[in-house]
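Take a look at the model below. We will walk through its empty spaces, then stop at a few single residues.

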Amino acid sequence: MNFGFLDFNTLEKRRHFCQRELELNRRLCPDIYLGVVPIYESASGFSFNAEGEITEYSVKMRELPHGWFLRELLAKNLVGEAEINRMIACLHRFYESETPTPEIEQWGTPQKLKISTDENFVQVEPFMGRTISPVAFETIRHFTNQFYAANEKLFCERIEQHRIRDCHGDLHLDHIHLTPEATTIFDCIEFNDRFRFIDIANDLAFLAMDFDFGGRSDLGNLLLRNAAREFHDAGILKVTNFYKCYRAFVRGKVESIQATEKETADPREHEKQAARYFRLAVRYVVSGSEPLVLVVMGRVGTGKTTVARQLASELDWPIFSSDKIRKTLAGIPLTERTAPELRDKMYSKQMTEQTYKKLVEDGLAALATHNGVILDATFSTRANRDFLREQCAKANVRLQVVELDADLGQIKRRLNARDETSAEISDARLEDFEKLNAAYEPPSELARDLIKISTNNSVSNAVKAVLQRLAKKQAGTIIAQRFNAG
C-alpha cells in the first residue's frame, strides 16, 4: 500500500515500520509489545519457522483480555471520572517523559500543520457529493484556514510552552484498555512521524472527539477539563475545538477510503460512518463544544424554512418551526391553510405568545440529546426575541441569530408560488405581505451579534454563507470553553 502519508510498498519498509511500531509503543506499554517476527514461505506454505524465504514481517503482542477495552466499558456505562483521571495520569507521565526538540516543535507551526490539513482536503475532495456535501467541505476548509490566520500567536505560544511532543497520534477509544490493575494505551502511529509530532491538545482532542461521536460529550469535556487542570495548561481548551474538527475530518476521510476498498464487506456502512464524522466536523466549526441555539429569522417569504432545513441536514440537528407548532397547537392539519374565519384567533397575540413559548421550550429541551438546535420563525417582535434571549441565558446556552433578507420582488414571487405547493405549512400568501411586513420589527437590538444573509440567490449559497460566517466567528473567538459536563 502507498497512500502518500503511508508507504508500505516494499518488504524492507514493512520490516522497518514493524520495528518502529515495537519501539514507539513500548513507551506506553512495554509488556504488550514483545518483538518483530519474520514470516517465512516454503513449499509447505507460510510459517514462523525459519524455512524458506522471509516473505513478510509481523509484530508479536501479548493479547489483552476482552471486556476491558474503553469502547466496551463505555457500552456498559462503566466509564466515569475515575477512569478518565486514570487515563490522564498515564498520558501525563508519558508526555512528561518525551523531550521536545526543535525538529519536533516545528510541527506546531501553522505552516507545518497546513501540510496535514491541506493533504486531507485534497484526499477528501473526490468524495464530495458522496460522503460529504460541497457546502460542508468548503465550510471546514474555510474554518481551518481562518483559524490559522486568526491564531498564529496562539500556535507560537503552544510551541514556546513546549506543548509539542512526540505523542501517541492515534488516541481513540479502541486503543485504550483499562483493567482494575493496569492502564494500557497501545497502537500509536508508527508510519509517519509528523502525525505524532503534535500538540498534546491535538492528541487529547482525538479521544474527546471519539467520546462526542459516541454521544458522550460529557466525558469528552470532562477529559479535556481535567487534563487542562492536571497538566497546568489552560491553553488546551483554546485549541481543542480546532483539533477535534481536524480529527473528525480525518476519520471521515479514512471511512470514505475504506468504503472504496475491494475487501470491504459493507461499503455503505463505511459511507454512513464517514458522513457522520464529517457532520461532526461541521458542528465543531459552527458551535465548538458548547450547546447552541441557532435561530433562522426574517420577514415572511425570505426562505427561512428552506434554509433552516438545509442547515439542519448539514449539522444533523433537530429543527423546530413556529408554523408547525402553531398549527399543531390549534389542531389544524399542517398543510391545510387556515380558514379565513379562524385567522384572527390563530394569529392573535395570545396564540403567538403560546407558540413562541412552546418553540423555545422544545428547542431547549432538545439540547439534552443534541449539541445544537435550529429554530425557524419570523421572530418579528422584540418581545419574542427578548423572551428567547432570557430563556437561553437562564439555561446557560449560547444563542446565535441569523436574519435572512431578500429583495421585495423575490419575496413576492415566493409568496405567489406558495399556492402551487401542496406541502406548504405557512399560511402567509402574497395578499398578507403588506400587513406582515408592516408588523415586522427589525432586530436592531441584536446588531452586534446578528448575522445577516441575503437569500436572493440559491438556497445552497445562503446556507454556505451562513456556515462560513459562523465558521469565521468561531475561528476568531478564542476563549476557554465552558464545557458543561451535563
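The second largest pocket of this predicted model holds about 920 Å³ of space. It is lined by 43 residues. Five of them come closest to the centre of the pocket: Asp170, Ile189, Phe191, Arg251 and Val254. Find these on the structure and you have found the middle of the pocket.

Which elements give two or more residues to the lining of this second largest pocket? Three of the helices come early in the list: helix 5 (110–124), helix 8 (200–213) and helix 10 (236–260). Helix 11 (267–287) joins them, and so does strand 7 (197–199). Helix 10 gives the most, with eleven residues. The chemistry of the lining is mixed: 22 residues are nonpolar, eight are polar and 13 are charged.

Now turn to the cavities. How many cavities of 30 Å³ or more does the structure hold? There are two. The second largest cavity has a volume of about 40 Å³. Its lining is made of Thr117, Asn120, Phe121, Ile140, Thr144, Tyr246 and Phe249. Helix 5, helix 6 (134–150) and helix 10 each supply at least two of these residues. Helix 5 gives the most here, with three. By class, four lining residues are nonpolar and three are polar. None is charged.

Stay on helix 5 for a moment. Ser116 is found in this helix. Is Ser116 buried or exposed? Its relative accessibility is 8%, so Ser116 counts as buried. Set aside its neighbours within four places in sequence, and Ser116 is in contact with Arg194, Phe195 and Tyr246. Tyr246 is also one of the residues that line the second largest cavity. For a sense of distance, pick out Thr338 as well. Ser116 and Thr338 are 222 residues apart along the chain. Their C-alpha atoms are separated by 56 Å.

Next comes a charged residue, Glu190. Glu190 lies in the loop between strand 6 (183–185) and strand 7. It is buried, yet it has no salt bridge. Which side chain of opposite charge is nearest to Glu190? That is Arg196, 7.4 Å away. A salt bridge needs the charged atoms within 4 Å. Glu190 still has company. Not counting residues up to four places away in sequence, Glu190 touches Phe8, Phe17, Arg20, Glu21, Leu24 and Arg196.

Two more residues deserve a stop, for their backbone angles. The first of this pair is Asn77. Asn77 is not a glycine, yet its phi is positive, at about 60°. Look for Asn77 in the loop between helix 2 (70–75) and helix 3 (81–97). Asn77 is exposed, with a relative accessible area of 56%.

The other is Phe379. Phi of Phe379 is near 45°, again a positive value in a residue other than glycine. Phe379 also sits in a loop, the one between strand 10 (372–376) and helix 16 (382–394). Where do the two part ways? Asn77 is exposed, whereas Phe379 has a relative accessibility of 1% and counts as buried.

Terms used: Residues numbered from 1 in each chain as written. Predicted model: local features only at pLDDT ≥ 70, side-chain atom pairs only at ≥ 80, totals over all residues. Heavy atoms only, no water. 1 Å grid on protein atoms, 1.4 Å probe; cavity = no way out; pocket = protein on both sides within 12 Å on 5 of 7 lines; lining within 4 Å. Points joined across faces, edges and corners; volume = space filled by probe spheres on them. Helix = DSSP H or I, 4+ residues; strand = E, 2+ residues; numbered from the N terminus. Nonpolar A, V, L, I, M, F, W, Y, C, P; charged D, E, K, R; others polar. Buried < 20%, exposed > 50% of the residue type's maximum accessible area, 1.4 Å probe, protein only. Lys, Arg positive; Asp, Glu negative; His and termini not counted. Contact = heavy atoms within 4.5 Å.
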